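I opened this entry to keep a record of what I looked up, beginning with the ligand and its surroundings and then turning to the backbone.

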Amino acid sequence: MEKILEVKDLHVTFTTYGGTVQAVRGVDFHLNKGETLAIVGESGCGKSVTSNAIMGLIPNPPGKISGGKILFKGKDLTKLQEKKMRSIRGVDISMIFQDPMTALNPTLTIGTQLMEGLKQHRKVSDKEAKKRALEMMDLVGIPNPEERMKQYPHQFSGGMRQRIVIAIALICEPELLIADEPTTALDVTIQAQILELFEKIQEVTGVSIILITHDLGVVAKIADRIAVMYAGKIIETGTKREIFYKPQHPYTRGLLNSVPRLDAKGKLKPIDGTPPDLFSPPKGCPFTARCPMAMEVCNKIYPGSTTLSDSHSVDCWLQDERAKQLLATMVTN
Ligand SMILES: Nc1ncnc2c1ncn2[C@@H]1O[C@H](COP(=O)(O)OP(=O)(O)O)[C@@H](O)[C@H]1O
Ligand SMILES: [Mg+2]
């Protein structure tokens with residue numbers, strides 16, 4: 001399978017008056033062509049910083065990519081000049097941002113905003129740009145596109161605005177789409193419609209998608225693979241089946257217990273406590289303080305990655321043979 005994106009040992013820091021925030025602390029993942037990878041984790045764990053790093057949008061200062069590589073079709077984006085990055089952003093890689101209110105300009109018509117990117121990056125006539133904008137509005141399910149193009153953002157509902165934002169992100173036919181919490185601000189019915197729209201768009205255009213969310217429920221339908229992020233690290237990654245049916249990290253299990261599921265037997269149980277402060281993250285596993293299975297070693301040394309299948313790996317001391325032996329003796333005694 002062709003890998004469209006490979007993130008290797010990515011580190012991002014922010015220098016503030018209070019000290020240095022280690023927002024992303026050695027993140028590794030890849031995205032195959034045409035698939036949807038979900039990055040899931042509680043608020044503050046580094047999801048948006050990771051996606052902004054891929055887009056070349058870490059404000060420097062205070063931010064800095066302090067290590068690692070971001071390979072897009074084999075080319076390291078962290079090495080590119082801003083000018084080159086600008087020609088990739090919105091064209092080869094598009095992003096839908098977390099905040100839907102700031103995504104559209106209230107002073108410009110929807111049509112103008114749709115055609116803007118196209119005119120900027122592709123040599124197209126006004127007529128072609130309009131034709132393409134109408135096609136995109138049709139693709140994302142906006143009725144009466146001819147009239148709707150002349151209207152302003154405030155004349156659209158929240159769900160329709162998000163459809164427009166998606167159309168803008170796709171109009172230059174990017175190969176990679178990063179959607180950062182694209183449905184968080186929408187109510188549940190509209191959320192489901194937007195997720196269906198992502199599926200349809202992938203079928204029609206073949207675009208590879210990174211879907212970022214704090215809600216595992218959102219990814220259940222559309223993700224192929226899931227990466228679980230905690231305190232600036234990816235602590236478990238696997239196919240959707242592996243994560244939902246064979247989760248190994250106590251944090252992944254905690255997340256699964258805290259989302260409503262059709263097959264849920266027990267009650268919803270939020271994870272106690274809060275993620276650690278990233279000014280001085282723990283030396284060992286950052287989940288130790290909240291982990292019901294924590295051992296002595298967890299607090300002191302970060303666990304190595306254990307490979308469970310071609311697609312499934314987890315960073316947890318419980319997977320270590322020595323820990324398994326210790327647990328076995330504890331059960332027999
Ligand atoms: N511009 C910034 N300056 C300082 N700290 C930042 C900045 N942006 C993000 N951070 C910090 O980086 C960490 C990760 O944030 P973020 O990626 O936004 O989390 P998530 O998207 O998973 O909720 C947080 O601790 C956050 O406070
Ligand atoms: Mg975020």
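**Ligand shell**

I first sorted the residues of the shell around ligand 1 by character, and they divide into six nonpolar, five polar and two charged. I keep in mind throughout that this is a predicted model.

Next I asked how many residues surround ligand 1 and which are the closest. There are 13 of them, and the closest are Gly44, Gly46, Lys47, Ser48 and Val49.

I then looked up which elements supply the shell, and I noted that β1 (3-16), β2 (19-32) and α1 (47-54) each give at least two residues to the shell around ligand 1. The largest share comes from α1, which contributes three residues.

**Polar contacts to the ligand**

I went through the contacts to oxygen atoms of ligand 1 one at a time, taking care to separate backbone from side chain. For Gly44, a backbone N or O atom lies 2.7 Å from an oxygen atom of the ligand. For Lys47 the contact is made by the side chain, where a polar atom lies 2.9 Å from an oxygen atom of ligand 1. For Val49 I found a polar backbone atom 2.9 Å from an oxygen atom of ligand 1. I also looked up the cover: on its own ligand 1 has 560 Å² of accessible area, and the protein covers 67% of this.

**Backbone entries**

Where does Pro61 sit, I wrote in the margin. Pro61 is found in the loop between α1 and β4 (63-72), and the peptide bond that joins Asn60 and Pro61 is cis, with omega about -10°. Pro62 has its place in the loop between α1 and β4 as well, and I recorded a cis peptide bond between Pro61 and Pro62, with omega about 5°.

I made a separate note on Asp9, which is found in strand β1. Its phi is near 50°, a positive value in a residue other than glycine.

**Helix pair**

Last, I looked up how helix α7 (residues 158-170) and helix α8 (residues 188-205) pack, and I found an angle of about 20° with the axes 10 Å apart. Angles under 35 degrees count as roughly parallel, and α7 and α8 are therefore roughly parallel to each other. I closed the entry with the hand of the crossing of α7 and α8, which is right-handed.

How values were computed:
Residues numbered from 1 in each chain as written. Chains lettered and ligands numbered in written order. Predicted model: local features only at pLDDT ≥ 70, side-chain atom pairs only at ≥ 80, totals over all residues. Heavy atoms only, no water. Near = heavy atom within 4 Å. Polar contact = N/O pair within 3.5 Å; in protein donor to acceptor, adjacent residues only side chain to side chain. Areas by Shrake-Rupley, 256 points an atom, 1.4 Å probe, with all protein chains shown as cover. Helix = DSSP H or I, 4+ residues; strand = E, 2+ residues; numbered from the N terminus. Nonpolar A, V, L, I, M, F, W, Y, C, P; charged D, E, K, R; others polar. Axes fitted to C-alpha atoms, helices over the stretch in contact; angles between N-to-C directions. Parallel < 35°, antiparallel > 145°, perpendicular 65-115°, else oblique. Left-handed = near helix turned anticlockwise from the far one by under 90°.
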